[in-house]
Amino acid sequence: MKKDVVILAIESSCDETAAAVVVNGREVLSNIISSQIDIHKKFGGVVPEVASRKHIEVIGAVVQGALDEAKLSFDDIDAIGVTYGPGLVGALLVGLQYAKGLAYALNKPLIGVNHIEGHVSANFIQHKELEPPFVCLIVSGGNSNIVYMKDYGEFEILGQTRDDAAGEAYDKIARALGLGYPGGPKIDKLAKEGNPDAIKFPRANFHDNDILDFSFSGLKSAVLNYLNGKAMKNEEINKADVAASFQKAVIDFLVDNSIKACKLKKVDKIAIAGGVAANSSLRDNLFKEGEKNGIKVLFPELILCTDNAAMIGSAAYYEFVKGRVASLDINAVPNLKLGERRI
Ligand code: KG4
């Protein structure tokens with residue numbers, strides 16, 4: 001019988017310090033997340049230096065917590081998986097150095113994981129039957145991509161954002177509306193009280209209907225101009241209508257391109273990944289359009305949408321079985337691209 005592969009995974013690319021124990025890429029024995037959101041809230045966004053220091057303070061306890069919850073010791077681990085990019089360089093280095101130290105001291109293989117590929121892998125944990133090929137919409141604070149996942153760890157980029165990521169647009173508009181950080185969940189909630197057709201915000205048009213790229217900066221400027229115009233005329237703003245109309249523009253764009261990508265690749269399943277996958281309107285609309293077009297729509301549960309180490313453990317497993325072990329001089333790569341390997 002094939003032996004189980006037990007991976008201890010570490011994630012520290014932004015403002016969550018996380019560790020998890022994952023078996024065979026699919027079964028999560030523990031998933032510990034120490035979030036710094038309350039600290040960064042005061043500043044309206046993540047302060048990189050503060051994030052790195054906080055990671056250093058808690059990483060030892062978070063890793064030990066993941067082992068304790070899994071009821072395992074370091075001896076039971078087959079490999080250590082760690083995010084090495086993309087992300088904030090100082091934050092990445094904390095997790096990476098910790099993982100390197102463990103790999104060296106325990107004499108266990110080290111697996112470098114691309115954070116974005118980790119988000120995609122969250123779907124393997126949630127949907128045990130899911131196997132490539134499929135289309136994946138990846139929407140987070142730093143990325144917006146539509147990819148065709150040919151095989152484990154093999155991606156073809158079908159579309160990407162030309163400027164802001166979807167989550168970034170949510171955060172910027174939330175700040176302009178005075179809703180605070182992180183903006184996505186706040187706009188999602190407020191939009192439920194507003195009219196999505198109240199204001200017609202523009203959507204980027206690439207002329208060629210086959211282009212599956214996104215652009216959110218024009219939309220962002222349109223919302224900011226609307227808010228400034230109202231303020232200059234001393235007119236009252238219905239924040240819920242602004243949130244709902246902005247959200248409709250973003251979600252329509254994401255949903256339309258997702259369905260087009262499935263048709264282009266002739267696949268009947270799409271998985272969604274990243275923090276914006278938590279959005280209720282994205283979920284509702286994709287399910288609706290998926291049903292209309294005979295496409296199965298798969299979302300991870302909320303805890304697996306935002307940054308966590310279980311998804312890194314899953315991605316690390318598929319790297320490990322392909323023999324992609326990192327050397328101990330692996331460095332953090334803050335701008336690592338999807339599908340790119342620097343190990
Ligand atoms: O994937 P993630 O946790 O971190 C990155 O790797 O970027 O994504 C965070 C992003 C933030 O921009 C946040 O505002 C957005 O995901 N987000 C949402 C929702 N929940 C989180 N955006 C829209 N609706 C939500 N419910």
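This passage describes salt bridges and one helix-to-helix contact in a predicted model.

Side chains of opposite charge can pair when their charged atoms come close. In the predicted structure, 22 salt bridges are found, and three of these pairs are considered here one by one, together with a network and a helix contact.

The pair formed by lysine 172 and glutamate 168 is a salt bridge in which the closest N and O atoms lie 3.2 Å apart. Both residues belong to helix H5, which spans residues 166-176, and because they are 4 residues apart in that helix, about one helical turn separates them. Lysine 172 is partly exposed, its relative accessible area being 31%, and glutamate 168 is likewise partly exposed, with a value of 25%.

A second salt bridge joins the side chains of glutamate 319 and arginine 341, with an N to O distance of 2.9 Å. Glutamate 319 is located in helix H11 (residues 310-321), whereas arginine 341 is located in the segment after H11, so the pair ties together parts of the chain that are 22 residues apart in sequence. The surroundings of the two partners can also be described: glutamate 319 has a relative accessible area of 5% and is buried, because residues under 20% are counted as such, while arginine 341, at 29% relative accessibility, is partly exposed.

Glutamate 319 and arginine 341 also take part in a network of salt bridges, whose linked members are Glu117, Asp151, Glu154, Glu319, Lys322, Arg324 and Arg341.

In a further salt bridge, glutamate 340 is paired with arginine 342, and the closest N and O atoms are 2.8 Å apart. Glutamate 340 is partly exposed, with a relative accessible area of 22%, and arginine 342 is also partly exposed, with a relative accessible area of 43%.

Helix H5, which holds the pair of lysine 172 and glutamate 168, also packs against helix H7 (residues 217-232), with an angle of about 5° between the helices and a distance of 10 Å between their axes. Because angles under 35 degrees count as roughly parallel, H5 is described as roughly parallel to H7. On the side of H5 the contact is made by Lys172, Ile173 and Ala176, and on the side of H7 by Lys220, Val223, Leu224 and Leu227. When these residues are sorted by class, the contact of H5 with H7 contains 5 nonpolar and 2 charged residues, and no polar ones. Lys172 thus appears both in the contact with H7 and in the salt bridge with glutamate 168.

Methods: Residues are numbered from 1 along each chain as its sequence is written. This is a predicted model: local features need pLDDT of at least 70, side-chain atom pairs count only at pLDDT 80 or more; totals for chains, interfaces and linings use all residues. Side-chain values use heavy atoms; hydrogens and water are left out. A salt bridge is a side-chain nitrogen of Lys or Arg within 4 Å of a carboxyl oxygen of Asp or Glu. Helices (H or I, at least four residues) and strands (E, at least two) are DSSP runs, numbered from the N terminus. Buried means under 20% relative accessible area, exposed over 50%, partly exposed in between (1.4 Å probe, protein chains only). Axes are lines fitted to C-alpha atoms, for helices over the stretch in contact, and angles run from 0 to 180 degrees between N-to-C directions. Angles under 35 degrees count as roughly parallel, over 145 as roughly antiparallel, 65 to 115 as roughly perpendicular and the rest as oblique. Contact means heavy atoms within 4.5 Å. Ala, Val, Leu, Ile, Met, Phe, Trp, Tyr, Cys and Pro count as nonpolar, Asp, Glu, Lys and Arg as charged, and the others, Gly among them, as polar.
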